[in-house]
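Hi everyone, thanks for coming. I'd like to walk you through one structure today, so have a look at the sequence and the model while I talk.

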Amino acid sequence: MAGYKSIWVFLEQNEGVLEEVSLEVLGKASELASKVGAEVTGILLGHNVKRLADEAIKRGAESIILADSPVLENYMTETYTEVIAGLVKERNPDAFIFGATNNGVDLAGRLAVRLGAGLIAHVVELELEEETGLLLGSVPGFGGSILAVCKCVKGRPQMVTVRPGIFRALPPDESRKGRIEEVQVRLKPEDIKTRIVEKKVGKAIDISKAEKVVIGGVGTGGDLSLIKRLAELIGGEVGVTRPLSDQGIAPRDIMVGATGVGLSSKLAIVAGVSGAAHFLSGIDKVENVIAINTDPDANIFNHADYCVVGDLFKIMPELIKRIESLKG
Ligand SMILES: Cc1cc2nc3c(=O)[nH]c(=O)nc-3n(C[C@H](O)[C@H](O)[C@H](O)COP(=O)(O)OP(=O)(O)OC[C@H]3O[C@@H](n4cnc5c(N)ncnc54)[C@H](O)[C@@H]3O)c2cc1C
């Protein structure tokens with residue numbers, strides 16, 4: 001433990017706004033650093049983002065390394081890896097923590113390979129091992145049925161990505177002061193192999209807090225019209241299982257399960273879904289589950305409050321007709 005000098009946190013920003021998970025990670029890093037007498041350093045890349053450095057200091061960073069350049073305005077694996085790998089090699093931080101956003105996991109993975117460092121991905125708990133001071137990251141596995149505790153035995157820095165929403169960000173402390181060190185960026189636009197031609201931001205759908213969700217699986221054959229109509233009638237949202245999202249039939253935002261969204265709804269109507277472990281962890285907090293499946297032995301029936309054995313293409317139109325007539 002005496003060996004710890006610095007814990008780095010990647011401060012991810014998007015169009016000049018810090019990602020909430022970066023602030024959450026800062027909060028956790030401050031707690032860990034205080035136990036080992038290390039300094040928490042925020043790593044901030046972007047263009048015209050100096051004010052975000054001040055914000056991060058108020059939220060727990062003691063120092064910031066800032067790389068500000070037009071070539072870093074938008075996240076790109078190539079440019080961010082190049083700049084950050086150079087900094088790590090020069091300064092040897094003991095640990096480096098990232099939020100597990102799309103960009104965070106992309107960057108952490110690339111950096112870990114570049115640096116020959118170990119990486120614990122998607123942790124939901126982070127502690128220090130008493131005897132060694134190594135970071136212990138807990139990662140859910142097998143559909144959430146186990147928690148694997150991992151540590152980086154070889155390679156430095158110890159790298160970790162943290163799931164969003166797990167740790168608490170510190171409230172802003174206006175009186176906190178910290179060092180901001182601006183480093184030179186030597187990358188030139190002509191050195192970069194990729195170029196952003198167009199940026200399109202889709203509208204995100206959050207079904208995690210919906211009261212009612214109608215979920216379609218492979219049994220729908222990819223035809224979600226009945227699922228959508230029923231959801232509309234009961235004032236609910238639409239969800240899908242992973243194969244439908246992997247096939248591009250539905251967006252990833254509405255994929256339910258261990259690698260998708262966890263629901264906390266009052267009602268989920270689940271049609272044409274077998275009930276694989278990875279899916280089930282997405283509905284284990286739902287109060288009432290109604291399952292429709294042709295197979296009486298489908299595992300989903302072991303996790304449903306109401307079991308309807310039958311063809312969804314016969315049952316759902318009847319159900320829809322009934323609700324429509326009740327609604328007048
Ligand atoms: C690392 C990893 C992570 C994963 N994460 C997720 C995740 O987050 N979410 C997720 O969903 N999956 C996830 N999966 C995939 C998961 O293991 C299953 O493959 C997936 O959930 C199966 O989807 P399904 O139930 O729609 O399809 P299937 O397993 O193919 O089931 C289709 C069901 O539909 C029934 N059926 C067929 N026709 C009809 C009909 N006309 N009417 C009624 N019923 C019918 C069948 O009897 C069957 O039970 C993950 C897998 C891995 C390896």
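Let me start with a question: which atom does a polar side-chain atom of Asn293 lie 2.8 Å from? An oxygen atom of the ligand. I'm calling that a polar contact, meaning a pair of N or O atoms within 3.5 Å; within protein, one must be able to donate a hydrogen and the other to accept it, and residues adjacent in sequence count only if both atoms are side-chain atoms.

Before I go on, some housekeeping. This is a predicted model, where local features need pLDDT of at least 70 and side-chain atom pairs count only at pLDDT 80 or more, while totals for chains, interfaces and linings use all residues. Residues are numbered from 1 along each chain as its sequence is written, and side-chain values use heavy atoms, with hydrogens and water left out.

Okay, back to the ligand. The backbone joins in too: a backbone N or O atom of Val218 lies 2.8 Å from a ligand oxygen atom, and for Gly260 a backbone N or O atom is 3.5 Å from an oxygen atom of the ligand. On its own the ligand exposes 990 Å², and the protein buries 70% of that (accessible areas by the Shrake-Rupley method, 1.4 Å probe; for residues, only the protein chains shown count as cover).

How many residues surround the ligand? There are 25, and the closest are Thr241, Val256, Thr259, Ser274 and Asn293. Being in that shell takes a heavy atom within 4 Å of the ligand. The shell divides into 10 nonpolar, 12 polar and 3 charged residues. Here Ala, Val, Leu, Ile, Met, Phe, Trp, Tyr, Cys and Pro count as nonpolar, Asp, Glu, Lys and Arg as charged, and the others, Gly among them, as polar. Helices α6 (242-246), α7 (277-280) and α8 (312-327) each supply at least two shell residues. Helices (H or I, at least four residues) and strands (E, at least two) are DSSP runs, numbered from the N terminus.

Now, the sheets. One is an open sheet of 7 strands, in the order β7-β11-β6-β1-β4-β5-β12, with parallel pairing; two strands pair if DSSP finds at least two bridges between them. Why is one side of β7 and of β12 left without a neighbour in the sheet? Because β7 (119-123) and β12 (179-183) stand at the edges, each with a single partner strand. From one strand to the next, the twist averages 20 degrees. (Axes are lines fitted to C-alpha atoms, for helices over the stretch in contact, and angles run from 0 to 180 degrees between N-to-C directions.)

Inside that sheet, 3 bridges join β1 (residues 6-11) to β6 (residues 95-99), and Ile7 has Ala95 as its bridge partner in β6. Helix α1 (residues 20-36) packs on the sheet, touching β1, β4 (39-46), β6 and β11 (158-162), with its direction at about 175 degrees to that of β1. Contact here means heavy atoms within 4.5 Å.

There's another open sheet, with 3 strands in the order β8-β9-β10 and antiparallel pairing. Its edge strands are β8 (125-128) and β10 (146-150), each pairing on one side only. And α1 turns up again, lying across β8 and β9 at about 10 degrees to β8.

Last stop, a backbone detail: the peptide bond from Arg156 to Pro157 is cis, with omega near 0 degrees. You'll find Pro157 in the loop between β10 and β11.
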